[in-house]
Amino acid sequence: MAKPVVLIAEELSPATVEALGPDFDVRSVDGTDRSALLEALSQADAVLIRSATQMDAEAISSSKTLKVIARAGVGLDNVDIKAATAAGVMVVNAPTSNIISAAELTVGHIISMARYIPAAHASLAAGTWKRSKYTGTELYEKTVGIIGLGRIGALITARLQAFGMNVIAYDPYVTSARAQQLGVTQVTLDELLAQSDFITIHMPKTPETTGMISTDQFGMMKPTAFIVNVARGGLIDEDALYAALKTNRIAGAGLDVFVSEPPLKSPLLELDNIVLTPHLGASTDEAQEKAGVSVAKSVRLALGGELVPDAVNVAGGVIASEVRPGIPLMEKLGQIFSTLASSPLVSVDVVISGEIAALDVSVLKLAALKGIFTNVVSESVSYVNAPLLAEQRGVAVRLITESESEEYRNLLTIRGAGSGGEQISVSGTLTGPKQTEKIVAINGYDVEVPISEHHIVMIYTDRPGIVALYGKEFGDASINIAGMQVARRAAGGQALSVLTVDSPVPEALLEKVRVAIDADLLREIDITEG
């Protein structure tokens with residue numbers, strides 16, 4: 001079997017290729033050469049890029065095999081995420097690869113401004129000695145205001161507290177407990193602007209945050225204050241910043257990011273009370289290597305059919321260790337569920353009961369949908385396009401969590417309805433130290449069957465001799481029954497049998513058995529791994 005093709009479209013560290021391992025056909029292309037890129041993509045299963053390669057709708061549609069776009073970095077401005085999602089292509093990045101580098105650069109900007117290091121160097125390099133002109137200010141006992149107390153904000157907090165600085169923060173999404181844990185005082189944005197000697201911004205760029213620091217905000221700041229932005233260009237209104245610096249409304253600024261890059265025609269370049277760097281937040285050897293290795297690992301997971309925590313177009317994120325073992329189980333339950341359906345699905349409830357219900361279990365809904373559609377549609381099903389497939393087919397999907405599970409520590413259930421009116425349900429759990437995957441209920445019948453590669457599920461009217469009838473038919477066809485369980489609600493009523501068999505069963509034999517026992521339902525369930 002040919003190895004999956006992984007295309008590297010920009011220069012990445014040798015550790016990136018090493019992290020991919022020997023299981024892939026690794027090829028290279030110049031991502032800025034459009035025609036070469038499109039040709040190379042036509043055979044690629046995954047592509048690794050940085051910021052120069054444009055993965056737009058045209059590039060994505062040029063490949064019928066593409067499954068993953070991996071950005072070795074944080075920003076995704078050069079990836080059409082909507083087009084990728086529609087095509088079922090997973091987009092991954094390396095969201096934590098540069099956080100230390102970005103935090104250190106922020107601190108570097110603050111120290112550079114406080115002590116006029118770039119200006120003093122330029123003056124000395126020009127042949128002048130002006131010690132008195134560059135009298136700076138200590139960081140000790142000054143107040144730094146952090147706008148956005150996420151991962152980078154937290155790292156900056158720890159570093160500046162080591163200088164003896166007082167840290168205040170504005171972040172409407174951070175709890176008071178988290179702020180207290182970091183030793184930070186929470187304030188409003190207006191209070192932060194008025195009280196801070198140094199301000200640093202670490203917010204995502206959205207319509208709400210674009211230009212969030214503008215003329216009115218500069219008017220609230222101390223005339224001795226400095227402001228830093230190494231996050232996203234445009235969070236600070238550059239025209240308003242120029243006016244504030246030109247009139248000495250504030251003391252100085254440090255920018256690593258700009259509305260337009262490179263900012264070669266920006267009037268900010270004319271000023272001597274600003275420190276500018278050319279988007280260096282992730283430009284360290286360590287950050288580049290971390291980014292490459294991170295996305296290489298994500299590519300391995302994605303092409304192996306596993307969930308990728310850093311996929312940006314999948315409801316993923318960090319998956320709790322208690323939840324993770326349920327992912328493959330839920331995929332298998334999804335395959336069983338869809339096989340039991342006699343008509344197209346109209347609704348699906350994914351019900352999580354027990355201890356893990358208190359955690360983020362949204363990934364289990366994705367796993368259920370992936371399993372449901374794996375053997376239903378002709379296209380490849382992934383964690384990206386499974387919700388889209390449900391939406392396109394008009395299937396209403398709900399995630400329900402219940403803190404109590406009477407019989408099991410955790411119980412995973414998929415229940416729903418077909419367009420023909422039938423109700424279907426299947427439940428499973430993980431048992432024992434080996435976390436054995438088991439089916440524990442089908443359509444309301446209680447069973448306990450370890451999940452295997454091949455199962456047969458039968459519902460029929462309970463009467464003597466049924467087991468002998470289908471046992472003989474399977475035996476005559478050399479189909480070995482490895483395990484069997486029968487469940488019923490009342491003697492003489494309907495019964496459900498679940499058989500574990502060692503090999504696939506021919507359709508003609510299934511029909512022969514169905515007629516022989518007059519089964520109301522008879523299905524062969526073949527479990528596809530991954």
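In this predicted model, Ile-414 offers a good place to begin. Leaving aside residues up to four places away in sequence, Ile-414 is in contact with Met-330, Leu-333, Gly-334, Phe-337, Val-348, Asp-349, Ala-368, Ile-372, Ile-424, Ser-425 and Val-426. Ile-414 also belongs to the largest nonpolar core, a set of 49 residues, where it joins Met-330, Leu-333 and Leu-364 as the residues that touch the most other members. The biggest contribution to this core comes from helix 14 (residues 362–374), which supplies 8 residues. Domain 3 (315–451) and domain 4 (454–529) each provide at least three residues to the core. A second core, separate from this one, holds 30 residues, among them Ile-227, Leu-235, Phe-258 and Leu-268. As general background, nonpolar side chains in soluble globular proteins tend to be buried together.

It helps to step back to the whole chain here. The domain assignment divides the chain into domain 1 (5–95 + 286–304), domain 2 (98–276), domain 3 (315–451) and domain 4 (454–529), so that domain 1 is written as two segments. Between the C-alpha centres of domain 1 and domain 4 there is a distance of 47 Å. Along the principal axes, the C-alpha atoms occupy a box of roughly 105 × 50 × 40 Å. The radius of gyration is 30 Å, whereas a compact globule of 530 residues would come near 24 Å. In terms of secondary structure, the chain contains 17 helices and 22 strands. Buried residues make up 50% of the 530 in the chain. The accessible surface amounts to about 24900 Å², and carbon and sulfur atoms account for 52% of it. Among contacts with a separation of 6 or more, 62% link residues 24 or more positions apart.

One such pairing of distant sequence positions involves a loop residue, Glu-404. This residue sits in the loop between strand 14 (396–402) and strand 15 (410–418). Glu-404 counts as exposed because its relative accessible area is 64%, above the 50% cut-off. Even so, Glu-404 touches Ser-353 and Gly-354, with residues up to four places away in sequence not counted. Ser-353 is 51 residues from Glu-404 along the chain, yet their C-alpha atoms are 5.9 Å apart.

The strands on either side of the boundary between domain 3 and domain 4 can be described in turn. Strand 17 (residues 436–442) pairs with strand 18 in the antiparallel sense, over 4 bridges. Within this pairing, Lys-438 has Pro-450 of strand 18 as its bridge partner. The hairpin formed by the two strands has 2 residues between them, and Asn-443 adopts a positive phi near 50° there. Strand 18 (residues 445–450) shows two faces: Tyr-445, Val-447 and Val-449 lie on the covered one, while Asp-446, Glu-448 and Pro-450 lie on the uncovered one. Such a pattern has a general background, since side chains in a regular strand alternate between the two faces of the sheet.

Strand 19 (residues 454–461) is mostly covered, with 7 of its 8 residues buried. Strand 19 has antiparallel partners in both strand 22 (residues 521–526), over 6 bridges, and strand 21 (residues 494–501), over 7 bridges. Toward strand 22, Met-458 stands opposite Leu-522; toward strand 21, Tyr-460 stands opposite Ala-495.

Note on methods
Residues are numbered from 1 along each chain as its sequence is written. This is a predicted model: local features need pLDDT of at least 70, side-chain atom pairs count only at pLDDT 80 or more; totals for chains, interfaces and linings use all residues. Side-chain values use heavy atoms; hydrogens and water are left out. Buried means under 20% relative accessible area, exposed over 50%, partly exposed in between (1.4 Å probe, protein chains only). Two strands pair if DSSP finds at least two bridges between them. A nonpolar core is a set of buried Ala, Val, Leu, Ile, Met, Phe, Trp, Tyr and Cys residues joined through side-chain atoms within 4.5 Å. Contact means heavy atoms within 4.5 Å. The radius of gyration is taken over C-alpha atoms; the globule rule is 2.2 Å times the number of residues to the power 0.38. Accessible areas come from the Shrake-Rupley method with a 1.4 Å probe; for residues, only the protein chains shown count as cover.
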